[in-house]
Amino acid sequence: MANSLQYVTDQLEKITRTAENGQPFWLGRELMVILGYTSWHNFRDTVIEKAKEASNNAGVFSSDHFIDIDEVITVGKGAKSKRENTVLSRHACYLVAAACHRLPPLATPRRPRAPGFSPGDFLGF
């Protein structure tokens, strides 16, 4: 697990963006790839929403750390299209990583399992 955390932290630093006011931020779609997800809707509806809930339950307004946006991207032949994304603070990134049920493929530890038990029996999912 420590290797997975270090991997995510290292990758997170590589995709850091900086706002005009000097504050670092990250984009949900880029973090999604690092965490091994391929479907934005699945990632947003499960992981990001769970992280927002955890933030609110801890008394930290999720609206201060998760900002839903529509970004314009260029698609085939220069056409423009809108797509959803979420701007994340560092706090939000850590909550998203904690809410994630997957580990990055290269960092997944191999552990023997006891017969008849699955990891979900112990982790609550």
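Select serine 55 as the starting point of the tour: with a relative accessibility of 1%, serine 55 counts as buried, and its place is in helix H3. The model on screen is a predicted one, which should be kept in mind at every stop. With serine 55 still selected, display its surroundings; leaving aside neighbours within four places in sequence, this residue is in contact with Val60, Phe61, Ser62, Phe66, His91 and Leu95.

Two of those partners lead to the next stop, since His91 and Leu95 belong to the H4 side of the contact between H3 and H4. Select both helices, H3 at residues 40-57 and H4 at residues 90-99, and turn the view until the crossing can be judged. The two helices pack at an angle of about 115 degrees, with their axes 8 Å apart, and their crossing is right-handed. On the H3 side the contact is made by Phe43, Val47, Ile48, Lys50, Ala51, Ala54 and Ser55, and on the H4 side by His91, Leu95, Val96 and Ala99. Coloured by character, the residues of this contact divide into eight nonpolar, two polar and one charged.

Now select valine 96, which touches Leu31, Leu35, Phe43, Val47, Ile48, Ala51 and Phe66, not counting residues up to four places away in sequence. From here, widen the selection to the largest nonpolar core, which has 22 residues, and in which Leu35, Phe43, Phe66 and Val96 are those with the most contacts. The elements that give two or more residues to this core are H1 (2-14), H2 (28-34), H3 and H4 (90-99).

For a look at H1 itself, select tyrosine 7, whose place is in that helix. Is tyrosine 7 buried, exposed or partly exposed? Its relative accessible area is 26%, so tyrosine 7 is partly exposed, the limit for a buried residue being under 20%. A distance drawn from tyrosine 7 to leucine 35 gives 9.8 Å, C-alpha to C-alpha, for a pair that is 28 residues apart in sequence.

Next, show the strands. Four of them form an open sheet in the order E1-E2-E4-E3, with antiparallel pairing; the edge strands, each pairing on one side only, are E1 (17-18) and E3 (66-75). Select E3 together with E4 (residues 79-88), and the two can be followed as an antiparallel pair over ten bridges. Along this pair, phenylalanine 66 has leucine 88 of E4 as its bridge partner, while glutamate 71 stands opposite arginine 83 in E4. Helix H3 packs on the sheet, touching E3 and E4, and its direction makes about 30 degrees with that of E4.

The last stop is the hairpin of E3 and E4, which has three residues between the strands. Select lysine 77, placed in the loop between E3 and E4, and inspect its backbone. Most residues other than glycine have a negative phi. Lysine 77, although it is not a glycine, has a positive phi of about 55 degrees. Its side of the picture contrasts with the opening stop: lysine 77 counts as exposed, at 92% relative accessibility, whereas serine 55 counts as buried, at 1%.

Methods. Residues are numbered from 1 along each chain as its sequence is written. This is a predicted model: local features need pLDDT of at least 70, side-chain atom pairs count only at pLDDT 80 or more; totals for chains, interfaces and linings use all residues. Side-chain values use heavy atoms; hydrogens and water are left out. Two strands pair if DSSP finds at least two bridges between them. Helices (H or I, at least four residues) and strands (E, at least two) are DSSP runs, numbered from the N terminus. Contact means heavy atoms within 4.5 Å. Axes are lines fitted to C-alpha atoms, for helices over the stretch in contact, and angles run from 0 to 180 degrees between N-to-C directions. A nonpolar core is a set of buried Ala, Val, Leu, Ile, Met, Phe, Trp, Tyr and Cys residues joined through side-chain atoms within 4.5 Å. Buried means under 20% relative accessible area, exposed over 50%, partly exposed in between (1.4 Å probe, protein chains only). A crossing is left-handed if the near helix is turned anticlockwise from the far one by less than a right angle, and right-handed if clockwise. Ala, Val, Leu, Ile, Met, Phe, Trp, Tyr, Cys and Pro count as nonpolar, Asp, Glu, Lys and Arg as charged, and the others, Gly among them, as polar.
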